[in-house]
Amino acid sequence: MRIVLFAFFCLITSLARAVEFDEQTRYLPLGQHMDVFEDVRGDAGIDDISSPALESSFRRHDKPVLNAGYSRSVFWLRIDLAYRPITQGGQQTWLLELAYPPLDNLDLYLPDGQGGFKLAQRTGDALPFSSRQILQNNYLFSLSLQPNDVQRVYLRLQSQGSIQAPLAIWSPKAYLEEQPGRIYVLGIIYGVLLVMMIYNLFIYLSVRDTSYLHYILYIASFGFYQVSVNGAGIEYFWPDNPWWANAATPFLIGSAVLFGCQFARSFLHTSDHSPWMDRSLLGLMLLGALAMLLSLTASYALALRLATSLALIFTVVIFSAGVLAWLRGMRVARYFIIAWSAFLLGGAINTLMVLGYLPNVFITMYASQIGSALEVGLLSLALADRINAMKEERARILQEAGRKLEALNQELANSNRLKDEFLATVTHELRTPMNGVIGSLELMQTVDLDPELEQYQRTAAGSARDMMRLVNDILAMTELQAGKLYPKREPFSLRGLAEGLYVQYAPRAEEKGLAFILDLDESLPDTLEGDAGKLSQALGYLLDNAIKFTRSGSVTLRIGGPAAEGGSQALRIEVQDTGVGFTTPPDGLLYHHFFQLDSSMTRAYGGLGIGLALSRQLVELLGGTLDHESQPGWGSRFFVGLTLAMPAQLRGALARRSGGQALLRPEDCTVLVVEDNAINQLVTRGMLLKLGYKVRTADNGAEALELLRHEQIDAVLLDCQMPVMDGFATCRALRALPGGADMPVLAITAHSHSGDRERCLAAGMSDYLAKPVKFEELRSLLHDWLLCKPESSLKTLI
């Protein structure tokens, strides 16, 4: 009986987590619908993986693409597929695609009909191309799915190189229709490389300048490298040679570095104007040759890691050589810099993707190809300009030779004229298709290609915000030292601040296997006055250290304090960890700038050593204190003591108007949407526009208040959960504005707890909407609160 119950609960769990689609589905990314298990030892079989013992070891993946970088682990992917046809139909075939060709081993396991799983397909670039079920450069598997049935699929991934898993399911028709677009992009890229190679080959045969020969070899090496990485190599050139399919990638990278450095040396004449740069290029050439040798003699993993790191260094050094030559007065260096800028950006993006620092999306996957196509075209123009400069110098020397060589000079001039005309013609003819290529690539950036591109943009924005936070840390240190940083006094949500810290640091703790505990005393008031930004920044340094120095256990953020007295609230904030702990150094050195308990070159933990110093200075700036206690091996506790003012309570909420005949038209009313989430803001704005209202938007409470001071607004839709200044604090501040007391303010919250409505009304809001916002409910509330309100009662906030 227990076995039957266990099987029933497993079935219910799979149904709850299964990804559903119907016969109208064309393409469905599975990155956020799959469960992932990392087998560190790599010895688990399908029976172990599918057993109940490991059921809870799988974790739901939260990103569009699994990007593990260089990892020696085996990764198991589990996907539950539920085909739910809208109309009745029989069994249908679907295509499961894993769009990352350089995987060594990829196994597909399907149900065996007896409650277990069997190996349905084994492939990868460590096997001949014929091992693939469908002969494509990406890995394609045909799945036959029954209607209204959940089928579980397991994939086993193992590779000595980078492990990426852009997984999706296609309808066969949609997959065939999408292939031409991808082929056209690759065709443009490879076509540009081939045209440039042939073009420079003709010039080399004409002028016999070795720079062109080195450049041709560089283009050939890089072009074949792209063919290898994209899977076209094993499909068309070496389908029965898995060993070379792996070795080709580091070998061709090393070859590209070798010939690219030699081209730069001869083109820029680095030995003449910069011997140290010339020696650097020679060193890179030796490393490129070493990478080629290791790819043929050593392990693929070692050779690929060396080649990938070498490629990143190569792009930087080559670009630096161009800048140095330009500073030395070389005219052709400007073309060289522009060309290598495109290649540097594309190569860096692609390398960081392979190393696991950027997601695997269309742009990161093909960044190096796009950049190289632009680069070779621009470098060809640089080579042509170099030829023109050489001819001009030669003509000047010949003219100075005198009348005795006039006949020879005339003949040479005619020859040069013909050559000039040839080069000008060829260059003109090549510029036309090149302009088309560049224009097409730029236009592609304005098209919403797929959801992966949108995720890439969000990830890039997140990375930019992380970098800005580092800049803010340095600015904070300099401003604190200069005495130019002052605390603000404005309302903020204590719970919003705590939840913001949780959202920011809990995922980092979970990545290390730590529990992140938020303990907030519910008896504390929600709205306080103070500088939430600086308080959040100070606590962030403490949490960052707690996570950094804790290998196992938990990190706790505890916020409490006694009952409020005299219009102020004393807070006691504690950050506790179960990390390595420490012995307190003498004379307060722990809170000095750049002080680290372990300052040796072999220290286990990185960092600049300014976090604790900034945290104490920020807390003292806010009028608080920072103290600690710690014991080696038992963890640390940091205490922040702070007293904040409580804002004066505004008057209660307005009474809800009853429905009736509308006195105003939506076209005559302007509604302000205050929402920090761009997607939610877009959806709400679309509903309002559909209803006929004029719409203004604000990303946070401060921006909304500023807009209300300068524009006429008739009603406000206010999100309750916003960082720093939540909707409750914003509403209180809004009611204090001229004309704000009678303005309809409708709260929008993601929660639906029974006390939320009362809390919203107590904060001065007119009414309450729970997410997701329903169209008809929004229509009804705006009708009752705005359209039925006499026009004379609508206040203007200017």
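Helices (H or I, at least four residues) and strands (E, at least two) are DSSP runs, numbered from the N terminus. The structure is a predicted model, in which local features need pLDDT of at least 70 and side-chain atom pairs count only at pLDDT 80 or more, while totals for chains, interfaces and linings use all residues. Residues are numbered from 1 along each chain as its sequence is written, and side-chain values use heavy atoms, with hydrogens and water left out.

**Exercise 1. Describe the environment of D526.**

Step 1. D526 lies in the loop that links β15 (515-520) to β16 (527-530).

Step 2. Its relative accessibility is 12%, so D526 counts as buried; buried means under 20% relative accessible area, exposed over 50%, and partly exposed in between (1.4 Å probe, protein chains only).

Step 3. The side chain of D526 makes a polar contact of 3.0 Å with the side chain of S493. A polar contact is a pair of N or O atoms within 3.5 Å; within protein, one must be able to donate a hydrogen and the other to accept it, and residues adjacent in sequence count only if both atoms are side-chain atoms. In addition, a polar atom of the D526 side chain lies 3.3 Å from the backbone nitrogen of R495.

Step 4. Apart from neighbours within four places in sequence, D526 is in contact (heavy atoms within 4.5 Å) with several residues, including F492, L494, D726, F728 and R759.

**Exercise 2. Determine which strands pair with β6, and in which sense.**

Step 1. Two strands pair if DSSP finds at least two bridges between them.

Step 2. Strand β1 (residues 19-21) runs parallel to β6 and is joined to β6 by 3 bridges; E20 has A82 as its bridge partner.

Step 3. Strand β3 (residues 34-39) is antiparallel to β6, with 6 bridges, and D35 stands opposite R78.

Step 4. Strand β11 (residues 150-158) is also paired with β6 in the antiparallel sense, over 8 bridges; here F75 is partnered by L157.

Step 5. Turning to burial, 10 of the 10 residues of β6 (residues 74-83) are buried. In a regular strand the side chains alternate between the two faces of the sheet. In β6 both faces are covered, with V74, W76, R78, D80 and A82 on one side and F75, L77, I79, L81 and Y83 on the other.

**Exercise 3. State the strand order of the open sheet of 4 strands and identify its edges.**

Step 1. The order is β2-β13-β7-β10, with antiparallel pairing.

Step 2. β2 (27-29) and β10 (139-145) are the edge strands; each has a single partner strand, so one side of each lacks a neighbour in the sheet.

Step 3. From one strand to the next the twist averages 25°.

Step 4. Within this order, β7 (residues 92-98) and β13 (residues 167-170) share 4 bridges, and L98 is matched with L167.

**Exercise 4. Assess the confidence of the model through its pLDDT.**

Step 1. pLDDT is the predictor's confidence in each residue, from 0 to 100. The protein has a mean pLDDT of 77, and 75% of its residues reach 70 or more.

Step 2. Residues 420-446 stay under 50, although the model gives them 23 contacts beyond four places in sequence. Residues 650-658 are likewise below 50, with 29 contacts beyond near neighbours in sequence.

Step 3. Where pLDDT is low, the predicted coordinates should not be read in detail.

Key:
Axes are lines fitted to C-alpha atoms, for helices over the stretch in contact, and angles run from 0 to 180 degrees between N-to-C directions.
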